[in-house]
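Biologist: I should like to learn how to read a protein model step by step. May we begin with the chain as a whole and then turn to its details?

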Amino acid sequence: MRATARFEVRGVVQGVGFRPHVHRVARALGLDGWVGNDSGQVFVEVAGAPADVESFAAALVDAPPPLARIDEIRRSAGSAGAARGFRIVASRVVAGGRTSVPPDSAICGECLAELRDPADRRFRHPFISCTDCGPRYTIVRSLPYDRAGTTMAGFAMCARCRDEYHDPDDRRHHAQPIACHDCGPTLAFDTGAGADSVVGGAALEAARAALVAGSVVAVKALGGFQLACDATDDAPIASLRARKHRPDKPFAVMVTDVDAAVDLAHVTDAEADLLASPIRPVVLVRARRGGPLSALAAPANPLVGLLLPSTPLHHLLADDLPPLVLTSANPSGEPLVHRDDDLDRLRSLCDAVLTHDRPIHAPCDDSVVRVVGGTVLPIRRARGFVPTPVDVGGRREVLAVGGELKNTCCLTADGHAWVGPHVGDMGDLRTTRAFEDVVTHLAALHGVDPDLAVADAHPGYHTRTWAHEVFDDVMEVQHHHAHVAAVLAEHGEPPDRPVIGVAFDGTGYGLDGTVWGGELLVADARSAVRVHHLAPVPLPGGDAAIEHPARVALAHLHAAGLDWDPALPPVGAVDPAVRTALARQLASGTGCVPTTSMGRLFDAVASLLGLRHSVSFEAQAAIDLEITAATPGAVDAGHRFAIRDGVADPAPLLRGIVEDVVAGRDIADLALGFHVAVVDLVVTWCERTRAERVLDTVALTGGVFQNAHLVEGCSRALVERGFRVLTHRAVPPNDGGLSLGQAWIAVHRP
Ligand code: ZN
Ligand code: ZN
Ligand code: FE
């Protein structure tokens with residue numbers, strides 16, 4: 001009695017060693033048949049004893065290869081009855097087929113062991129990888145995922161690599177980036193225009209020597225160039241900061257392993273797991289005081305972003321060296337440099353370049369995450385995450401173009417949503433090109449050809465203009481509706497069941513043409529109703545005030561009817577002439593844009609407490625406030641919002657803070673008290689909304705919810721009161737998550 005079966009497996013099943021895995025399992029069970037890829041799926045046909053066929057079916061579900069993600073297995077009768085032996089058949093391209101390319105994956109344990117084994121033929125080979133690890137998304141040019149469709153196409157395999165590649169029992173069977181010292185890419189190091197390159201192992205040693213000597217070295221990583229320097233030495237970091245025009249924003253620091261991370265920071269188990277995960281993101285952790293890091297790596301910030309080496313090259317570079325600053329190699333405001341042709345853009349930022357001849361097809365920045373309440377909170381979603389899809393249901397093909405800052409885009413088809421990597425802030429021509437490249441790449445990878453674009457409603461957003469130029473059919477979605485929708489999409493919520501969405505951020509275009517950012521919406525995929533919001537405060541200069549929390553503080557004092565007492569920190573921090581102009585503007589209303597932004601309120605309070613009056617990067621003042629609130633021994637100062645019907649007025653809260661500041665109260669109490677007041681506001685709003693509308697699910701979103709204190713405080717308080725709380729775990733709460741929300745809304749539009 002001989003049984004047959006055919007399996008069609010969809011999901012992340014190409015480029016993860018699925019076919020060799022199937023081959024091993026089938027042969028171990030003594031089954032005949034074949035396995036192959038087409039551009040939509042992996043197909044398997046088996047024939048053999050009925051019990052063995054069933055064992056095979058179970059193994060497919062229970063024990064897939066480590067990097068695979070199975071979305072669907074379809075089983076049918078099969079036609080392999082006459083087959084003898086088990087083989088891997090050639091890839092086929094099928095029209096309309098669709099699969100997911102895996103994300104780039106950090107070097108696996110076995111490859112790392114070989115990298116360090118002098119007896120291994122790939123000892124110290126900077127491009128060692130296998131079917132369980134290595135580059136994927138960044139090197140794939142086209143599907144099906146075969147060597148010819150990757151940037152490894154130009155490297156002819158040597159005889160030994162070819163044998164491994166074709167041996168179904170080898171860990172590198174059909175590992176497309178397979179390479180060795182004899183046939184793989186080559187490193188090159190040089191110190192500038194006209195200088196001769198050093199190549200191979202000597203290039204690596206030259207780069208290490210340059211780092212030790214205090215140079216800034218650009219390094220070609222998986223998804224683009226990075227800038228590296230000694231993180232324990234002030235001089236190279238000061239030079240890097242000056243050259244990158246980045247005075248304060250913390251740099252990520254690469255350490256060799258988790259033990260080295262523990263030397264620098266307080267690392268929880270969840271944080272250690274993330275650091276060492278195949279995603280290998282930058283993880284924001286609490287720095288140890290008095291450690292070896294230069295104070296310039298993350299100035300005045302108790303959080304430090306740590307990451308472990310993600311590639312064999314990074315391991316070889318970092319071994320036995322002090323911790324290294326590692327940051328994206330892009331001139332301020334421009335996208336990541338990822339082509340060797342573009343190295344001219346980097347020369348002024350570094351002293352030397354360590355590159356190689358394996359092209360990067362799709363740029364992908366390092367990802368940044370935080371652990372909040374024991375789970376991952378993405379801050380920047382890129383390498384290691386992209387292009388893992390989010391299942392959103394629906395079948396419609398749409399392109400969501402995201403927002404203006406921290407831009408990402410999102411494509412959908414067949415119920416999957418592929419969110420592209422963090423591109424950055426729009427407005428620069430190069431950024432627009434980078435954005436278009438991501439759209440083209442994602443569309444080609446997944447065979448998607450959308451006829452509907454989704455954009456933010458803000459008339460000034462470049463992404464919205466782009467959408468209208470390129471698409472006939474454009475749907476516009478209100479900013480905070482998209483934020484709330486992103487949480488719902490991540491959690492697979494039904495599109496027609498409204499929830500309470502608390503959206504707190506810096507800036508979003510409101511339905512009334514003013515700037516929103518402190519909203520409670522009742523929303524599902526079809527609509528969003530604004531139920532509660534902060535009292536609008538006229539802000540002179542609108543968004544231009546973002547860089548000057550002190551001016552925001554003066555505007556808030558004015559709106560609250562409070563005097564600009566010279567004893568208050570923001571009053572002294574604003575030049576008297578500017579102060580006079582501001583007063584005139586506020587009195588007349590000229591050039592004042594009303595805003596309900598919670599982000600700006602955080603800025604105002606940070607300035608009132610004397611923490612920071614101008615910022616050089618987004619949320620800098622809010623981070624200061626969060627950190628001050630975490631001061632041990634701080635007690636809630638007890639000031640609260642006046643919460644009336646629909647509108648929350650910060651005036652009494654600000655009055656209390658002003659009085660306490662003048663009286664010399666500890667600012668930690670006031671910072672903590674402000675956080676408690678915001679949690680109290682969220683709880684009050686949610687309870688009122690629940691009472692009126694019988695809703696008990698709350699989504700917390702918007703850039704303000706990158707604040708761990710706030711996420712944990714709101715979650716705890718709401719859960720205690722019987723709410724179901726949804727927070728971000730797949731895309732960022734900041735504008736990097738907008739595209740997913742936009743896409744979800746469009747896919748489910750009736
Ligand atoms: Zn490996
Ligand atoms: Zn080789
Ligand atoms: Fe936003």
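Modeller: The dialogue below treats the overall chain, the metal sites and one pocket. Please keep in mind that this is a predicted model.

Biologist: What does the radius of gyration of the chain say when it is set beside that of a compact globule?

Modeller: One compares the value for the chain with the value expected for a globule of that length. Here a compact globule of 750 residues would have a radius of gyration near 27 Å, and the chain has 27 Å, so the two agree. The C-alpha trace spans about 90 × 60 × 50 Å along its principal axes.

Biologist: How many helices and strands are there in the chain, and what percentage of its residues count as buried?

Modeller: The chain contains 21 helices and 32 strands. Of its 750 residues, 61% count as buried.

Biologist: Which residues are the protein donors of the zinc ion (ligand 1)?

Modeller: To read a metal site, one lists the donor atoms and then examines their angles. For the zinc ion (ligand 1), the donors are the SG atoms of Cys108, Cys111, Cys130 and Cys133, at 2.3 to 2.4 Å. The arrangement is tetrahedral because the four donor atoms subtend angles of 104 to 119 degrees. Cys108 and Cys111 are both buried.

Biologist: What are the donors and the geometry of the site of the zinc ion (ligand 2)?

Modeller: The zinc ion (ligand 2) has the SG atoms of Cys158, Cys161, Cys180 and Cys183 as protein donors, lying 2.2 to 2.3 Å from it. This site is tetrahedral, with angles of 103 to 117 degrees among its four donor atoms. The donor residues follow the spacing C-x2-C-x18-C-x2-C in sequence. Cys158 lies in the loop between α3 (109-115) and α4 (159-166), and Cys183 in the loop between α4 and β6 (187-190), so this pair ties together parts that are 25 residues apart in sequence.

Biologist: Are Cys158 and Cys183 buried or exposed?

Modeller: Both Cys158 and Cys183 are buried. As for the zinc ion (ligand 1), its donor residues are spaced C-x2-C-x18-C-x2-C in sequence.

Biologist: Which residues lie nearest the centre of the second largest pocket?

Modeller: For a pocket, one considers its volume, its lining and the elements that supply the lining. The second largest pocket holds about 1200 Å³ of space. Its lining has 44 residues, with Arg286, Ala287, Pro302, Leu303 and Ile627 nearest the centre. By class, 24 lining residues are nonpolar, 12 are polar and eight are charged.

Biologist: Which element supplies the largest share of that lining?

Modeller: The largest share, six residues, comes from α20. Elements that each supply at least two lining residues include α8 (269-276), β12 (282-287) and α19 (667-693).

Technical notes
Residues numbered from 1 in each chain as written. Chains lettered and ligands numbered in written order. Predicted model: local features only at pLDDT ≥ 70, side-chain atom pairs only at ≥ 80, totals over all residues. Heavy atoms only, no water. Donors = N, O, S within 2.8 Å, 3.2 Å for Na, K, Ca; no water. Tetrahedral: all angles 85-135°; square planar, octahedral: opposite > 155°, others 65-115°. Helix = DSSP H or I, 4+ residues; strand = E, 2+ residues; numbered from the N terminus. Buried < 20%, exposed > 50% of the residue type's maximum accessible area, 1.4 Å probe, protein only. 1 Å grid on protein atoms, 1.4 Å probe; cavity = no way out; pocket = protein on both sides within 12 Å on 5 of 7 lines; lining within 4 Å. Points joined across faces, edges and corners; volume = space filled by probe spheres on them. Nonpolar A, V, L, I, M, F, W, Y, C, P; charged D, E, K, R; others polar. Rg over C-alpha atoms; globule rule 2.2 N^0.38 Å.
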